[in-house]
Amino acid sequence: MKRTLSVLILALCIFLTSCKAEEEKTSLSFYAMDTIMSIDTYGENSESASLAKERVLSLEKLFSVTDENSELFALNESGSEELGKETLELIKYALDMSEKTDGALDPTIYPVLREWGFTVGEYKIPDSETLSALLKNVGTDKVHINENSVSLDSGVMLDLGAVAKGYASEECYKILKENNLSSALINLGGNIRLLGSRPDGNPWRIGVADPLSPSDNLGILSVTDCAVVTSGNYQRYFEENGKTYGHIIDPKTGFPADNDLLSVTVISDSGTLCDALSTALFVMGSEKAEQFWRDNKNFEAVFVLKDNTVHVTEEIYGSFSLENKDFELKIIQ
Ligand code: AMP
Ligand code: MG
């Protein structure tokens with residue numbers, strides 16, 4: 001009897017603790033970097049979410065390709081600029097990841113992207129002469145860095161859209177951690193950065209969208225203190241003559257990446273790495289991307305393929321539950 005009573009009291013305490021934690025959730029939503037963002041914090045120190053938001057807005061002012069006052073805009077306009085440390089570091093990071101991914105990620109893709117209309121949403125299919133002329137200006141060897149000044153060969157322009165949100169999510173994470181928060185969910189337009197576990201001590205449950213029906217979850221990842229970033233051409237696209245054209249461009253062809261993949265989700269302890277890799281692996285296609293994982297192993301991944309299979313890397317396999325039974329799960333080793 002005594003034992004039953006203490007079990008009941010313990011259960012009640014756990015229940016009350018989790019209710020208390022749920023009550024203390026503060027959600028801050030805002031629009032930045034062309035997408036909806038939210039920061040969920042738990043506990044007393046919710047004003048640190050505002051600091052994180054301010055940080056994202058200040059980064060947007062540096063990295064935006066469309067804001068005439070941004071550092072990146074100035075560089076693209078003049079072709080040569082002295083840059084602040086942060087913009088310089090992110091450019092260097094993107095160039096380095098371009099080399100590591102054999103050009104699948106390439107920040108110099110911007111003139112091509114712009115021609116497709118993805119930057120401003122005025123979509124069109126470029127003609128082949130225009131595309132091949134623009135592709136001549138794509139390549140990281142056309143970017144020159146000397147201390148803090150960057151110069152671009154004629155016709156070359158940079159876009160940090162594939163890495164900026166991931167970098168910003170990592171910055172938010174740092175701010176919340178420095179402010180002694182132990183539990184938070186940062187969602188910068190699908191770039192998720194998790195601080196700690198849920199307030200009740202359980203892992204976060206992060207949905208991996210079904211690319212064919214993005215409001216539904218294809219599966220759930222149960223994870224703690226990591227970044228989770230998904231890329232796919234279902235996220236931003238336009239349709240013409242019954243064909244869809246997505247926003248992730250294969251720098252080798254100048255056309256939207258079109259291979260056996262529907263989406264790539266990358267999980268690691270760096271939001272910046274996850275963001276860079278999810279875009280790059282999406283361009284590579286499953287075979288090359290899975291080999292990239294085998295060669296590097298500094299991240300985990302969930303690949304959703306057009307043949308209705310979901311390929312999940314070994315380490316994360318146990319944390320992924322498939323919700324959509326039309327798909328078949330496979331382990332990558
Ligand atoms: P993400 O949503 O992180 O996968 O990044 C996609 C965004 O990165 C696009 O909207 C473009 O701004 C840019 N982008 C598209 N293709 C590439 C590419 N191959 N390399 C670098 N950036 C790209
Ligand atoms: Mg990315």
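Me: Which strand does Ile 206 lie in, and is Ile 206 buried or exposed?
Reply: This is a predicted model. Ile 206 belongs to strand β8, residues 204–210. Buried means under 20% relative accessible area. Ile 206 has a value of 7%, so it is buried.

Me: How many Å separate the C-alpha atoms of Ile 206 and Asn 308?
Reply: Along the chain, Ile 206 and Asn 308 are 102 residues apart. In space, their C-alpha atoms are separated by 20 Å.

Me: Which protein atoms are donors of the magnesium ion (ligand 2)?
Reply: Three residues appear in the spacing A-x112-D-x3-T. The donors lie 2.0 to 2.4 Å from the ion. Asp 275 gives both O and OD. The full set is Ala 162 (O), Asp 275 (O), Asp 275 (OD) and Thr 279 (OG1).

Me: Where in the chain are Ala 162 and Thr 279, and how many residues apart are they?
Reply: Ala 162 sits in the loop between β5 (149–152) and α7 (164–178). Thr 279 is in helix α8, residues 271–284. The pair links distant parts of the chain, 117 residues apart.

Me: Ala 162 and Thr 279: which is buried and which is partly exposed?
Reply: The cut-off for buried is under 20% relative accessible area. Ala 162 has 22%, so it is partly exposed. Thr 279 has 12%, so it counts as buried.

Me: Which residues come nearest to ligand 1?
Reply: There are 15 residues around ligand 1. Two of the nearest, Asp 275 and Thr 279, are also donor residues of the magnesium ion. The nearest are Asp 159, Ser 231, Ile 249, Asp 275 and Thr 279.

Me: How many Å lie between an oxygen atom of ligand 1 and a polar side-chain atom of Ser 231, of His 247 and of Thr 279?
Reply: Each of these side chains places a polar atom by an oxygen atom of ligand 1. For His 247 the distance is 2.9 Å. For Thr 279 it is 2.7 Å. For Ser 231 it is 2.6 Å.

Me: What percentage of the area of ligand 1 does the protein bury?
Reply: The space taken by ligand 1 is the largest pocket. Taken alone, ligand 1 exposes 490 Å². Of that, the protein buries 90%.

Me: Ala 276 is in helix α8. How far is its C-alpha from that of Ser 98?
Reply: Ala 276 is buried, because its relative accessible area is 1%. Ser 98 is 178 residues away in sequence. In space, C-alpha to C-alpha, the two are 8.9 Å apart.

Me: What is the phi of Met 33?
Reply: Most residues other than glycine have a negative phi. Met 33 is found in the loop between β1 (25–32) and β2 (35–42). At 12% relative accessibility, it counts as buried. Its phi is positive, near 50 degrees.

Me: Is Asn 180 buried or exposed?
Reply: Asn 180 is in the loop between α7 and β6 (184–188). It has a positive phi of about 65 degrees although it is not a glycine. Its relative accessibility is 69%, over the 50% cut-off. Asn 180 therefore counts as exposed.

Me: How far apart in space are Glu 328 and Asn 146, C-alpha to C-alpha?
Reply: Glu 328 is found in strand β17, residues 328–332. At 46% relative accessibility, it counts as partly exposed. Asn 146 is 182 residues away in sequence. The distance in space is 50 Å.

Key. Residues numbered from 1 in each chain as written. Chains lettered and ligands numbered in written order. Predicted model: local features only at pLDDT ≥ 70, side-chain atom pairs only at ≥ 80, totals over all residues. Heavy atoms only, no water. Donors = N, O, S within 2.8 Å, 3.2 Å for Na, K, Ca; no water. Helix = DSSP H or I, 4+ residues; strand = E, 2+ residues; numbered from the N terminus. Buried < 20%, exposed > 50% of the residue type's maximum accessible area, 1.4 Å probe, protein only. Near = heavy atom within 4 Å. Polar contact = N/O pair within 3.5 Å; in protein donor to acceptor, adjacent residues only side chain to side chain. Areas by Shrake-Rupley, 256 points an atom, 1.4 Å probe, with all protein chains shown as cover. 1 Å grid on protein atoms, 1.4 Å probe; cavity = no way out; pocket = protein on both sides within 12 Å on 5 of 7 lines; lining within 4 Å. Sits in = over half its atoms within 2 Å of the grid points.
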